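Subject: Structure for your files

Hello,

Here is the structure I said I would pass on. Please open it alongside the notes, which come after it.

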Amino acid sequence: MAETKDVVELILLDHRRMEDLFRRMRSVEDDRAGALKEFADLLIAHAQAEEAKVYPALKRYKNIDDEEVEHGEHEHDEGNEALLELLQVEEVGSEEWDSKLEELVEAVTHHADEEERTILNGARENVAMDRREELGLAFARERERQLKSGCGSVENVRKIVES
């Protein structure tokens, strides 16, 4: 199957993967800690790549609302804070863990939904496919660089939240 280069599709694929990982983190029959580790890496790599490579480029398009892009960055901060709180819970599957997981699910799901309706639809309508593919390549490279760095570690997430 050919991989897409369209930044919109790449972002959507990450959103769907995050939803799958939420299901795994909720399932008592799954490796919840492993799913959290994969999720933490993916969320941080995804958000860092969007903020470094995608959002600045989309702000240049007149029909894509700068306020929506800035709001997206603010929602990344909220997701990172919720992720850090979950990563700091000592016992996977405890009542506290389940509660922090639901806070994370709510923050990330809200952001993904808003981003899909506003920023990504705006990109589909206003950004030519060749430019979306250029952005997709830049996004994918930065995302991969982040993933290789262990970006979802509790130490790194704490640095991001505190900065």
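Below is what was found, from the overall fold down to one lysine.

Please keep in mind that this is a predicted model.

Fold. The protein contains 6 helices and 0 strands, so the order along the sequence reads α-α-α-α-α-α. Contacts between residues at least 6 apart in sequence were sorted by separation, and 77% of them join residues at least 24 apart.

Size. The C-alpha trace spans about 45 × 35 × 25 Å along its principal axes. The radius of gyration is 16 Å, which agrees with the value near 15 Å that a compact globule of 163 residues would have. Of those 163 residues, 43% are buried.

Surface and charge. About 8,900 Å² of the protein is exposed, and 45% of that area comes from carbon and sulfur atoms. There are 23 positive side chains and 44 negative ones. The centres of the two sets are 6 Å apart.

One residue in detail. Lys 100 sits in helix 4, which runs over residues 95–126. What does the side chain of Lys 100 make a polar contact with? The partner is the side chain of Glu 85, at 2.8 Å. Leaving aside residues up to four places away in sequence, Lys 100 touches Glu 85, Leu 86 and Val 89. Glu 85 therefore appears both as the polar partner of Lys 100 and among the residues that Lys 100 touches.

Regards

Key: Residues are numbered from 1 along each chain as its sequence is written. This is a predicted model: local features need pLDDT of at least 70, side-chain atom pairs count only at pLDDT 80 or more; totals for chains, interfaces and linings use all residues. Side-chain values use heavy atoms; hydrogens and water are left out. Helices (H or I, at least four residues) and strands (E, at least two) are DSSP runs, numbered from the N terminus. A polar contact is a pair of N or O atoms within 3.5 Å; within protein, one must be able to donate a hydrogen and the other to accept it, and residues adjacent in sequence count only if both atoms are side-chain atoms. Contact means heavy atoms within 4.5 Å. The radius of gyration is taken over C-alpha atoms; the globule rule is 2.2 Å times the number of residues to the power 0.38. Buried means under 20% relative accessible area, exposed over 50%, partly exposed in between (1.4 Å probe, protein chains only). Accessible areas come from the Shrake-Rupley method with a 1.4 Å probe; for residues, only the protein chains shown count as cover. Lys and Arg count as positive and Asp and Glu as negative; His and the chain ends are not counted. The place of a charge is taken as NZ of Lys, CZ of Arg, CG of Asp or CD of Glu.
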